[in-house]
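This report goes through a structure from single residues to the contact between chains. The sequence and model come first, and the description follows.

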Amino acid sequence: MNIIITISITAFIVLYAGLFKANKALLPLTVVGLLTALGFTFCAWGDNTVHFGMMQTDNFALAFSGVCIVGTLLIFLLTQNYFHAKSDNIAEYYTLILFALAGMVMMVSYKNMAMLFVGLEIMSVSLYILAGIRKKDFASNEASLKYFLMGAFSTGFLLFGITLIYGATGSFDLDKIQAYLVNNTTAISPIFYPGVILMMIGLCFKIGAAPFHFWTPDVYEGAPSLITTFMSTVVKTAGFAAFLRLFEGALAPLHEFWVMPLTVIVCLTLFIGNVTALFQKNFKRMLAYSSVSHAGYLLFSLIVLTKNSGSNVLVYASAYTFASIIAFAVLILVKQKTGNDSFESFNGLGKKNPLVALSLTIAMLSLAGIPLTAGFIGKYLMFLNVMTEYKTLLVAFAILNALVGFYYYFRVIVAMWFKDGAETTLATPVQYKVVLLVSVVITLILGVYPAIILNLI
Amino acid sequence: MEQLLLLIFLPLVGAVIAAFAGKSAKIVSTVFSVASLGLTLFIACNFIPDASTQFEVNLPWIANLGINFHAGIDGISMLVVLLTNLLIPIIILSSYKHDYKNPAAFYALILFMQAGLLLVFTALDAFLFYIGWEAALIPIYFICAFWGGKDRVRINMKFFVYTIAGSLFMLMGIIYLYLQNPAHNFEISAFYALNLDVAQQGWIFWAFFIAFAIKMPVFPFHTWQPDTYTAAPAQGTMLLSGIMLKMGIYGVIRWLLPIVPAGVQDWSCVAIGLSIIGIVYASLIAFTQKDAKRLVAYSSIGHVGLISAGIFALNQQGMQGAMVQMLSHGINVVGLFFVLDIIFSRVKTNKIEELGGIAKVAPQLAIAFLIIVLGTVALPGTNGFIGEFLLLMGVYNVGIWAAAIAGLTIIFGAVYMLRMYQNVMLGKTNELTITFSDIQGSEKFVLYLICALIIVLGVYPKPLLHLTEASVQHLLEQVNQKLTSVK
């Protein structure tokens, strides 16, 4: 609870600071606010408090809140000169991102489906605005409109699902729904099943799993790069945590029913995400499709439910988040210099900017799942999870997809190191260096010694 | 145990220092690789050649996933560790005449790869083995793709995806074994003790075998190899052919045979068949090669085919032959590629027909090259002989026809290698080779060292055989014991 309050208060303070044109104070204020929130996350560790029957800050919720807060913090550090160049009213950016974060904290710690809906909407509405915040830019407007229409549509699915489940069980509370399933194994109301499917569809829209992913590439490409970073990393992590909380907890007794449609979704997501990413000429669009394929790997944790599903998703999501932050940070730097985000603009980057190129290389290796990076541990855990029920065909399918992944992740490595290019030196502000360093260190530490976050949940 | 930890981490420390050493990375990497060699010799001297695992390290690493940093050395590991740490300084020395751009990165990658290789060769924990397996691949990919020749990016992408495809399926097999293991860890001894039925062993055999077969490479998984060898920088080719392909052979011996012996027995005819097809196929193609580097690449497929056939024969002679031949092949092939590199650096070509008469202008090179060629074609008295002899004896026990066809390698090999030697070194000196200068300095040192090793090991191979004998015997006993218990 303290976490949400801190984040919301920070958001308001930042908004007022913007009103008085204290633009220099925005970033420090936000950072202090987020660090305080992070502090509360640590303090609440292990308490497992239930707040008014609506939210439960168990370790699962706190761990995911922590990842979301750290991710947002790093993204804020990337705002250096980014928003300033684009708009006068930069306080709105800060506030909206903070509101979205508050929504996400609710999404990862809800105990009542009403809170899931409220959290999701707080986050989504902020993101609709953020995607379209460059109001004179055509692509940004398109992104915003697409995201809004698709988002509203998917929320409809989600709400309809919640209604049906409420109709069957008479409650929004996750524990009561689970109790209903456990006690009525033979006489589950027929409207419960479509409810589950509708909720699954609604959430799959939010995390961008195929075949509900069509909005992702356009929205990711059209939105300002920094907002894309936010959407494809932190938002996605929160979406997964929400997904997991519902299906791993309350709906787990019905696993046999929903695992089949989920498996189909996973296979489609992996295949479509990977194969389409292979044909992209634009780095940002490639990252968008690769984020679709990562959603597929993440859903592996739900195909076989074990007691480790939560921590597997935590590892994978953090590996993915930090690697993607590196990728987008370098993308922003390159785009500032060359003006476009195609693969060609990365040519020869390694010659003049070896450290930046090295960071991006490590990020790509992590996304591709090479050992000694966090991405490998994440993929390994997902494969292990599915192998516990010996679904070897599914793993073999995932391996084939991972191989396709090497091609497009290595394309940027090849461009940076093995191709000749303009040999421009990037202007790398200090904050960017900090973000790159922190993310690389986290990626390597998680890759070499993942034990530090494995037993968190 | 401290020695082994030091052995694995010394190159890693060296890699980090070399990465920041700028122009003096060459010296730093030489110092570290020679220090590793010294440490290896120290370990080898203190090594008792019985079947036990020595210098064992067992530290918890990722405890809740059952992963331990468990490594140790037995006779089989000792041999390949010796090979690795002997060849790395040789390979680094062989680069002295080259002026690679970004030397810091180049030498750091070589040392990083060495650490990965040592991890592979000493790991007693399957997860650790897998980490080493991949950790050795990444540096060599960058070495070949950054410092390589024409069309290097496409060729190395093929190489990379090929190898990693194999290793990911191996990972699937490892996870399967882990789940079957009631203790839920990756201990090799627990994997050995597993009681899998024949069907399970069959598919795990393939999951592992494909990974190893790609690395070696065994026909028909070899298609990446000639291009990669040709496009790689000389040192990259030496690393690939001298050490890296031994990872595949070592993997078969350490992991495949004892874990799934029934699978091996069921499929050994296929494995031997593929190996022998590979021998004949590679030899025939080697005949037609116009580029000396490609010729050596194909001859390497032939030699490795014989080693793999000898291992799958599952008897003491074949296995011992494989051991000796691993070391000999490593030394010889590095020697061959070094000679070709010397020629290339002087006349900028490795095309056989454009060369000729080098012996007249560079007699010392000619003698060294001749000794290496003779070692490669397994002349009695050179290191190649004892290994190939034992291997053929091993294959003979499986079937006389198999041995007869496999024996053709020696004849074929002699023909195309000597013909290559003749066309390159003998005959008339042409305008390209007239200005050829003889070997000097570091080149001389490295080539003489290699020649000395070829002759010494050829005349007195007993210490080598003695080193691995007990371990090999123990391994075969384990396999046979498990085979009888499955039935």
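## Salt bridges

In this predicted model, Arg154(B) counts as partly exposed, because its relative accessibility is 49%. Its salt-bridge partner is Asp151(B), with 3.0 Å between the closest N and O atoms. Asp151(B) is also partly exposed, at a relative accessible area of 41%. Over all chains, the structure holds 15 salt bridges. Side chains of opposite charge can pair when their charged atoms come close.

Three of these pairs are set out below.

| Pair | Closest N to O distance |
|---|---|
| Arg154(B) and Asp151(B) | 3.0 Å |
| Lys146(A) and Glu142(A) | 3.1 Å |
| Asp218(A) and Arg285(A) | 3.4 Å |

In chain A, the salt bridge between the side chains of Lys146(A) and Glu142(A) lies within one helix: both residues belong to helix H6 of chain A and are four residues apart, about one turn of the helix. Lys146(A) is partly exposed, with a relative accessibility of 30%. Glu142(A), at 35% relative accessibility, is partly exposed as well.

The salt bridge of Asp218(A) with Arg285(A) spans more of the sequence. Asp218(A) is in helix H9 of chain A and Arg285(A) is in helix H12 of chain A, so the pair ties together parts that are 67 residues apart in sequence. The relative accessible area of Asp218(A) is 25%, so this residue counts as partly exposed. Through shared partners, salt bridges join Glu142(A), Lys146(A), Asp218(A), Glu221(A) and Arg285(A) into one network.

## Helix H9 of chain A

How much of helix H9 of chain A is buried? The helix covers residues 215–222, and six of its eight residues are buried, so helix H9 of chain A is largely enclosed by the rest of the structure. The buried residues are Trp215(A), Thr216(A), Pro217(A), Val219(A), Tyr220(A) and Gly222(A). The cover over these residues includes four helices of chain A: helix H6 (138–169), helix H8 (192–207), helix H10 (225–250) and helix H12 (283–303). Helix H6 of chain A also holds Lys146(A) and Glu142(A), and helix H12 of chain A holds Arg285(A).

## Backbone features of chain B

Most residues other than glycine have a negative phi, and most peptide bonds are trans. Chain B has departures from both patterns.

The peptide bond from Met216(B) to Pro217(B) is cis, with omega near -5 degrees. Another cis bond runs from Phe219(B) to Pro220(B), where omega is near 0 degrees. Pro217(B) sits in the loop between helix H8 (198–215) and helix H9 (225–231) of chain B, and Pro220(B) is likewise in the loop between H8 and H9 of chain B.

Positive phi values occur at His184(B), near 50 degrees, and at Ala378(B), about 65 degrees. His184(B) is in the loop between helix H6 (152–180) and helix H7 (188–193) of chain B. Ala378(B) is in the loop between helix H15 (363–376) and helix H16 (383–398) of chain B. Are these two residues buried or exposed? His184(B) is partly exposed, with a relative accessible area of 38%, whereas Ala378(B) counts as buried because its relative accessibility is 8%, under the 20% cut-off.

## Annotated domains

UniProt, in an unreviewed entry, lists "domain: NADH:quinone oxidoreductase/Mrp antiporter transmembrane" at residues 112–401 of chain A. Those residues are 79% helix and 0% strand, and their end C-alpha atoms are 37 Å apart. For chain B, the feature of that name, also from an unreviewed entry, is placed by UniProt at residues 124–409. That span of chain B is 81% helix and 0% strand, with 35 Å between its end C-alpha atoms.

## Contact between the chains

The contact takes 34 residues from chain A and 33 residues from chain B. Between them the chains bury about 3100 Å², 86% of it on carbon and sulfur atoms. Zero salt bridges are found across this interface, and two residue pairs are in polar contact.

On the side of chain A that touches chain B, at least two residues each come from helix H15 (354–368), helix H16 (374–387), helix H17 (392–418) and helix H19 (451–454) of chain A. H17(A) gives the most, with 14 residues. By type, the residues on this side of chain A are 30 nonpolar, four polar and no charged.

How values were computed. Residues numbered from 1 in each chain as written. Chains lettered and ligands numbered in written order. Predicted model: local features only at pLDDT ≥ 70, side-chain atom pairs only at ≥ 80, totals over all residues. Heavy atoms only, no water. Contact = heavy atoms within 4.5 Å. Buried area = accessible area lost by both parts, 1.4 Å probe. Salt bridge = Lys/Arg side-chain N within 4 Å of Asp/Glu carboxyl O. Polar contact = N/O pair within 3.5 Å; in protein donor to acceptor, adjacent residues only side chain to side chain. Nonpolar A, V, L, I, M, F, W, Y, C, P; charged D, E, K, R; others polar. UniProt positions renumbered as here; feature names shortened; annotations may be inferred. Buried < 20%, exposed > 50% of the residue type's maximum accessible area, 1.4 Å probe, protein only.
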